[in-house]
Amino acid sequence: MEGLHLTIIGRGAFGSALASVYQRAGASVQLLGRERWPDNVNSSTFVAVPTSDLNSVLGRLAAHNHQLKAMILCCKGIEASSGLLPTQIAAQFLPDVSTYVLSGPGFAKDLEAGRPVAHTLAHSKNAAALAKMLSTPTFRLYHCDDRVGVQLCGALKNIIAIAAGVAQGLSFGESARAALITRATVELRYLLKKLGGRPETQWTLAGIGDLILTCNSPTSRNFRFGEAIAKGTTVHHALGEIGTVEGLGALAGLGKLTAFDQAPICQGLSDVLHEGQDPRGVVERWMTQRPSKAG
């Protein structure tokens, strides 16, 4: 990667881990946080900030940089107040910039340590060339042309990870969590189809890959948040201890896009987080609802 110049906006865990991946591979990396930015960021740029920060970051990027050609969004969420996906937010600020989406199963600690990690890079037309250019010996990128589906998968897996954490916090065991993840794929397929993604995208690294990872590990903030809620911690206190929980905002944003009439996991989680219902009662409702033919 000698001669490759990359800019990464976001000094959080994932942005810093990405920087280490590409520096090890020989690229020149500019890692930016909240400090004063250079007048122009005209290399390929990763934006690795929470969805809730996208408006301010992209507004600042649009004001300072007029030569930017390509941008890679790494956030996994839906804007809580509007229901907008990250690429839709980007289009408001940088409509002429080619915007890609990076998503998949990859904890920052694994990237930082140089362990093998694979992600999906999505763009409507030309993701293959960039995926090849940005792949390293330890970070493999697969390409996809379903940007909407990849973004929905990234947001929805965080919601389901909160539900998995709830099951963990209630001590329901690994069998219950496996059933929850399996049923979540049905919900994911339904929501992808309804909201403009392709159902088959759920079987990519951005879908089932990330779902398996975040629903089975306390490394996931969303998982830890669900576990804390199940044990009686308030939302405010849990956020104070854990930090950003993308699934919480994604659930609110998803509610702006669609009703949860055929998404019982999302509906139940919304009842717990927004209506104050008892988590155990919601899980009992999941277990006693009329099953679908597929089981």
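What covers the buried residues of α8? In this predicted model, the cover includes β5, β6, α6, α7 (residues 174-195) and α9. The buried residues themselves are Ala206, Gly207, Gly209, Asp210, Leu211 and Thr214. Two of the covering elements, β5 and β6, are strands of the sheet, and the description continues there.

Seven strands make up an open sheet of mixed pairing, and their order across it is β2-β1-β3-β4-β5-β6-β7. The edge positions belong to β2 (residues 28-32) and β7 (residues 139-144); each has a single partner strand, so one side of each is left without a neighbour in the sheet. From one strand to the next, the twist averages 25 degrees. Strands of a sheet may pair in parallel or antiparallel fashion, in either case through backbone hydrogen bonds.

It is convenient to walk through part of the sheet pair by pair. Strands β1 and β3 are parallel and are joined by four bridges, with Thr7 opposite Thr45 in β3. The next pair, β3 and β4, is also parallel, this time over three bridges, and here Thr45 stands opposite Met71 in β4. Thr45 therefore has Thr7 facing it in one pairing and Met71 in the other. Between β4 (residues 70-73) and β5 (residues 98-103) there are four bridges, again with the strands running parallel; in this pair Ile72 is found opposite Tyr100 of β5.

The side chains of these strands can be sorted by the direction in which they point. In a regular strand, side chains alternate between the two faces of the sheet. On β3, Ser44 and Phe46 lie on one side, with Thr45 and Val47 on the other; all of them are buried, and both faces of the strand are covered. On β4, Ala70 and Ile72 point one way while Met71 and Leu73 point the other way, and all are buried.

Helix α1 (residues 13-24) packs against a good part of this arrangement. The helix lies across β1 (residues 5-9), β2, β3 (residues 44-47), β6 (residues 117-122) and β7. Relative to β2, α1 runs at about 165 degrees.

Next comes the empty space in the model. Rolling a probe the size of a water molecule over the atoms shows where such space is left. The largest pocket has a volume of about 990 Å³. Its lining counts 37 residues, of which Ala13, Phe14, Ala48, Pro50 and Arg221 are the closest to the pocket centre. Several helices contribute: α1, α2 (residues 54-64), α4 (residues 108-112), α6 (residues 147-169), α8 (residues 205-214) and α9 (residues 221-230) each supply at least two lining residues. By class, the lining holds 14 nonpolar, 13 polar and 10 charged residues.

Enclosed space is also present, with the count coming to one cavity of 30 Å³ or more. The largest cavity holds about 40 Å³. Its lining consists of Leu73, Cys75, Lys76, Gly77, Pro86, Val101 and Gln151, which divide into four nonpolar, two polar and one charged. Leu73, one of these lining residues, is also among the buried residues of β4.

How buried or exposed is Arg221? This residue, placed in helix α9, is partly exposed, because its relative accessible area is 39%. Leaving aside residues up to four places away in sequence, Arg221 touches Ile242, Gly243, Thr244 and Val245. For one of these contacts, Gly243, the C-alpha to C-alpha distance from Arg221 is 7.8 Å, across a sequence separation of 22 residues. Arg221 also appears in the list of residues closest to the centre of the largest pocket.

A further residue of interest here is Pro95, which sits in the loop between α3 (residues 86-93) and β5. With a relative accessible area of 59%, Pro95 counts as exposed. Pro95 and Ala62 are separated by 33 residues in sequence, and their C-alpha atoms are 9.7 Å apart in space.

Methods:
Residues numbered from 1 in each chain as written. Predicted model: local features only at pLDDT ≥ 70, side-chain atom pairs only at ≥ 80, totals over all residues. Heavy atoms only, no water. Pairing = 2+ DSSP bridges. Axes fitted to C-alpha atoms, helices over the stretch in contact; angles between N-to-C directions. Contact = heavy atoms within 4.5 Å. 1 Å grid on protein atoms, 1.4 Å probe; cavity = no way out; pocket = protein on both sides within 12 Å on 5 of 7 lines; lining within 4 Å. Points joined across faces, edges and corners; volume = space filled by probe spheres on them. Nonpolar A, V, L, I, M, F, W, Y, C, P; charged D, E, K, R; others polar. Buried < 20%, exposed > 50% of the residue type's maximum accessible area, 1.4 Å probe, protein only.
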